[in-house]
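Biologist: I am new to this structure, so please take a close look at the enclosed and open spaces for me, beginning with the inside. Then go on from there to whatever helps to place them.

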Amino acid sequence: MGHQMVDFLTDQLRDSQNANGKVLSWTDPVDALKSLSDLKGNDPSELFEFVSRTSIRLHHPKYIGHQISPPLPITAVSSMLVDLLNNGMGVYEMGMGGTAIERKIVEELATKFGMPETADGFFTSGGSLANLTALLAARAMKTDDAVWKFGTQDVRHVVLVSEAAHYCVDRAVRIMGLGDSGIRRVKTNSKFQMCLDDLEKSIEELSDEGRVAIAVVASACSTSTGSYDDLDGIASICQANKIWLHVDGAHGVPVVFSRKYRHLVRGISRADSVTMDFHKLLMVPAVTSALVFRNSSDAYRTFSLQAEYLFDNRDQEEWFNLARRTFECTKQMIGLKVMSIIHTYGTEIFEQNVDQLYDLTRSFAILIQQDERFELALEPESNILCFRYLETKHQEHCELNAKIRTALVKDGKFYIVQTMLDGQTWLRTTVANPFTSNEDFQQLLDEIGRWANSILREEQSTI
Ligand SMILES: *Cc1c(COP(=O)(O)O)cnc(C)c1O
């Protein structure tokens with residue numbers, strides 16, 4: 001069955017890469033459920049085929065939608081080993097090799113960040129969880145673990161974050177029991193980056209109000225537009241005010257592997273903690289995230305709670321017992337998926353992928369700028385790009401672009417998404433596949449043009 005699966009996947013991969021067929025075959029939720037119920041018998045290949053048929057194809061060059069990588073095939077092969085061994089990773093003996101792998105990769109990352117020898121970290125399940133874990137550490141450091149012991153009554157803690165930050169930061173603050181007033185939104189500039197003047201002003205206001213800023217979360221890059229905050233500038237403000245700097249680099253911190261683009265995260269070495277996903281730019285299956293601390297001892301403060309049946313040595317900072325620092329107890333051996341790439345191809349392949357995707361996105365932006373049917377929201381810094389179809393006679397750009405996007409998804413030849421910027425709907429793309437070409441971009445623009453015409457014609461005829 002394993003051999004059959006490898007053959008099946010090889011065919012699927014070849015078809016996707018050669019752009020045979022659609023990116024997705026739209027299936028209504030009720031129909032998907034019905035097809036599943038209709039499966040009879042005990043042949044798993046039927047089930048695998050059903051899932052394949054009803055899944056979006058990331059290796060298709062016309063997949064230009066959400067921020068997730070088409071994984072390198074070697075990672076899928078290592079996933080088989082990970083799943084069959086099923087080592088739980090919480091304590092050392094439940095994944096000895098896997099623990100060594102995490103350690104080695106995190107050390108390499110910390111070096112790439114330019115952090116001192118004291119830096120350390122671990123893998124965790126997703127950027128959202130990594131961000132929450134980092135903020136819990138920031139609070140533990142600021143409050144001497146008081147909240148951990150006594151709860152959040154009477155606390156006046158605040159996390160500062162830009163208006164463009166990922167929603168998981170807002171969610172983390174609320175999970176921490178800080179509510180509405182626990183988050184202070186810092187304004188963004190015209191490029192959707194955190195406004196440093198407003199950050200300083202907000203910190204002053206908070207101190208006047210008698211509130212305690214426990215952390216600033218910088219985005220590298222932001223989710224909607226892929227804009228990089230000025231990490232160096234923010235680090236200076238944090239340092240002057242003794243506030244923890246957490247860099248949410250879930251999407252964009254992999255530029256540390258690129259000589260061409262690493263300037264985008266200048267100042268990252270000064271962060272207290274950094275979140276980075278491997279599943280958005282580095283060809284690793286989801287979810288595979290690293291959380292790195294500049295001072296390794298900070299990481300042990302997050303969860304002061306002891307679990308006697310897991311750890312016998314209460315006070316030592318044992319890097320090899322991972323669950324001391326992770327929210328998870330049982331965790332997949334996700335490090336192997338990353339290591340299988342590094343071991344086989346070297347980290348150069350990360351650099352090549354980032355450069356290719358970021359370069360491609362810049363050339364897509366040029367195509368859009370040269371085409372008067374379209375408007376670019378802003379010049380892309382990363383592989384995320386927002387634009388929209390312009391129609392002067394049609395005042396409702398938002399409605400038209402949303403309709404175009406729905407039509408595209410149901411048609412299935414391309415996959416793109418949408419976002420809201422300053423209250424307006426924009427089409428949004430993430431160039432995730434290094435084999436996507438300028439020709440694909442041109443075809444996408446023409447396809448959008450055709451849909452726009454047909455939507456407008458239809459509206460005309462119903463008036
Ligand atoms: C994707 C993203 C997240 C969430 O990460 P997950 O791995 O999906 O949990 C957080 N922050 C930013 C900036 C992101 O782009």
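Modeller: The largest cavity holds about 80 Å³ of space, and what follows about this cavity and its surroundings is read from a predicted model. When the whole structure is searched, three cavities of 30 Å³ or more are found. The wall of the largest cavity is made by Leu-136, Arg-139, Ala-140, Thr-143, Asp-145, Val-147, Trp-148, Arg-301, Thr-302 and Ser-304. Two helices, H6 (127-143) and H7 (146-150), each bring at least two residues to that lining, and the largest share, four residues, belongs to H6. What kinds of residue make up the lining of the largest cavity? Sorted by class, that lining consists of four nonpolar, three polar and three charged residues.

Helix H6 leads on to the ligand, since H6 also gives the most to the shell around the ligand, with three residues. There are 15 residues around the ligand, and those that come nearest are Gly-127, Ser-128, Asp-248, Asp-277 and Lys-280. The balance of classes in the shell around the ligand is three nonpolar, nine polar and three charged residues. Particular contacts can be followed atom by atom. A polar backbone atom of Gly-127 is 2.7 Å from an oxygen atom of the ligand, while for Asp-277 a polar side-chain atom lies 2.7 Å from a ligand oxygen. In the case of Thr-223, an N or O atom of the side chain is 3.2 Å from an oxygen atom of the ligand. Of the 380 Å² that the ligand exposes when taken alone, the protein buries 87%.

Turning from the enclosed space to the open one, the largest pocket contains about 1200 Å³ of space. Its lining has 34 residues, and nearest the centre of the pocket lie Leu-9, Gln-12, Ser-52, His-59 and Ala-76. At least two lining residues are supplied by each of the helices H1 (2-17), H3 (44-53) and H4 (73-85), and H1 gives the most, with 10 residues. By class, the lining of the largest pocket divides into 19 nonpolar, 10 polar and five charged residues.

Helix H4 is followed by a loop that runs to helix H5 (96-113), and Asn-86 is found in that loop. The backbone deserves a look at this residue, as phi of Asn-86 is near 50°, a positive value in a residue that is not glycine.

Two further places in the backbone can be set beside Asn-86. Ala-220 and Cys-221 are joined by a cis peptide bond with omega of about 0°, and Cys-221 has its place in the loop between strand E4 (212-219) and helix H10 (231-241). Another cis peptide bond, with omega of about -15°, joins Ala-286 to Val-287, and here Val-287 lies in the loop between strand E6 (273-277) and strand E7 (289-293).

Last come the aromatic rings, where the count of pairs comes to 14. One of these pairs is formed by Phe-364 and Phe-387, whose ring centres are 5.7 Å apart and whose planes stand at 75°, so the pair is edge-to-face. Because Phe-364 lies in helix H13 (residues 348-369) and Phe-387 in strand E9 (residues 384-389), this pair ties together parts that are 23 residues apart in sequence.

To return to the starting point, H6 is the helix to keep in view, as this helix supplies the largest share of the lining of the largest cavity and also gives the most to the shell around the ligand, whereas in the lining of the largest pocket the helix that gives the most is H1.

Conventions. Residues are numbered from 1 along each chain as its sequence is written. This is a predicted model: local features need pLDDT of at least 70, side-chain atom pairs count only at pLDDT 80 or more; totals for chains, interfaces and linings use all residues. Side-chain values use heavy atoms; hydrogens and water are left out. On a 1 Å grid over the protein atoms alone, a cavity is a set of points where a 1.4 Å probe fits but cannot get out, and a pocket is an open set with protein on both sides within 12 Å along at least five of seven lines; lining residues have an atom within 4 Å of a point. Grid points are joined across faces, edges and corners, and a volume is the space filled by probe spheres set on the points. Ala, Val, Leu, Ile, Met, Phe, Trp, Tyr, Cys and Pro count as nonpolar, Asp, Glu, Lys and Arg as charged, and the others, Gly among them, as polar. A residue is near a molecule or strand if one of its heavy atoms lies within 4 Å of it. A polar contact is a pair of N or O atoms within 3.5 Å; within protein, one must be able to donate a hydrogen and the other to accept it, and residues adjacent in sequence count only if both atoms are side-chain atoms. Accessible areas come from the Shrake-Rupley method with a 1.4 Å probe; for residues, only the protein chains shown count as cover. Rings of Phe, Tyr and Trp (its six-membered ring) pair if their centres lie within 6.5 Å; planes under 30 degrees apart count as stacked, over 60 as edge-to-face and the rest as tilted.
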